[in-house]
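Work through the exercises below with the sequence and the 3D view open. Try each task before reading its solution.

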Amino acid sequence: MNNNPSTAKKPAPKEFSQLAELHVAGLFAEAGWRVYFPHRDDGFDFIAAKPVDGKIVIRPVQVKGKYPEAEN
């Protein structure tokens, strides 16, 4: 556990998280997936669906990522 306040990992601001989710959703949409966002953030960020071989493939998506940090 890192107890040094200057180097301890801090949670990312909500704006960065939402931006990352929208960026990934845009990549899915460009690849032909339909993207659906839930009313509440409860376990996944969005659902992607795409017709494949006459069937619809549905995938829940949880975006994880690294967030920019201020330079010293």
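**Exercise 1. Register of the first strand pair**

Task: Find the bridge partner of arginine 34 in S2.

Solution, step by step.
- The bridge partner of arginine 34 in S2 is alanine 49.
- Tyrosine 36 gives another point of register, with isoleucine 47 as its bridge partner in S2.
- Strand S2 covers residues 46–52, and 3 bridges tie S1 to it.
- The two strands run antiparallel.
- Keep in mind that this is a predicted model.

**Exercise 2. The second strand pair**

Task: State how many bridges pair S2 with S3, and in which sense.

Solution, step by step.
- S2 and S3 are joined by 7 bridges, and the pairing is antiparallel.
- One point of register is lysine 50, whose bridge partner in S3 is valine 57.
- Now look at the connection. The hairpin of S2 and S3 has 2 residues between the strands.
- In that hairpin, aspartate 53 has a positive phi near 50°.

**Exercise 3. The whole sheet**

Task: Work out the strand order and name the strands at the edges.

Solution, step by step.
- The sheet is open, with 3 strands in the order S1-S2-S3 and antiparallel pairing.
- The edge strands are S1 (34–36) and S3 (55–61). Each has a single partner strand, so one side of each lacks a neighbour in the sheet.
- From one strand to the next, the twist averages 25°.
- Recall the general rule: strands of a sheet pair through backbone hydrogen bonds, either parallel or antiparallel.

**Exercise 4. The chain as a whole**

Task: Write down the order of elements from the N terminus, then check the confidence.

Solution, step by step.
- The protein chain has 1 helix and 3 strands. Their order from the N terminus is α-β-β-β.
- The mean pLDDT of the chain is 82, and 68% of the residues score at least 70.
- Among the elements, H1 has the lowest confidence, with a mean of 85, while S1 has the highest, at 97.
- The accessible surface is about 6,500 Å², and carbon and sulfur atoms account for 56% of it.
- Of the contacts with a separation of 6 or more, 19% link residues 24 or more positions apart.

**Exercise 5. Two helix residues**

Task: Decide whether glutamate 21 and serine 17 are buried or partly exposed.

Solution, step by step.
- Glutamate 21 lies in helix H1, which spans residues 14–30. Serine 17 is also in helix H1.
- The cut-off for buried is under 20% relative accessible area.
- Glutamate 21 has 13% relative accessibility, so it counts as buried.
- Serine 17 has 24%, so it counts as partly exposed.
- Next, the surroundings. Beyond its neighbours within four places in sequence, glutamate 21 contacts Asp41, Asp45, Phe46 and Val63.
- Serine 17 and valine 63 are 46 residues apart in sequence, yet their C-alpha atoms are 8.3 Å apart.

**Exercise 6. The nonpolar core**

Task: List the residues of the largest nonpolar core.

Solution, step by step.
- Buried residues make up 11% of the 72 residues in the chain.
- The largest nonpolar core has 5 residues: Ala25, Phe46, Ala48, Val61 and Val63.
- Now follow valine 61. Leaving aside neighbours within four places in sequence, valine 61 touches Phe28, Phe44, Asp45, Phe46 and Ala48.
- Phe46 and Ala48 are among the core residues, and both are in contact with valine 61.
- Val63, also in the core, is one of the contacts of glutamate 21.

Methods. Residues numbered from 1 in each chain as written. Predicted model: local features only at pLDDT ≥ 70, side-chain atom pairs only at ≥ 80, totals over all residues. Heavy atoms only, no water. Helix = DSSP H or I, 4+ residues; strand = E, 2+ residues; numbered from the N terminus. Buried < 20%, exposed > 50% of the residue type's maximum accessible area, 1.4 Å probe, protein only. Contact = heavy atoms within 4.5 Å. Pairing = 2+ DSSP bridges. Axes fitted to C-alpha atoms, helices over the stretch in contact; angles between N-to-C directions. Areas by Shrake-Rupley, 256 points an atom, 1.4 Å probe, with all protein chains shown as cover. Core = buried A, V, L, I, M, F, W, Y, C linked by side-chain atoms within 4.5 Å. pLDDT = per-residue confidence, 0-100.
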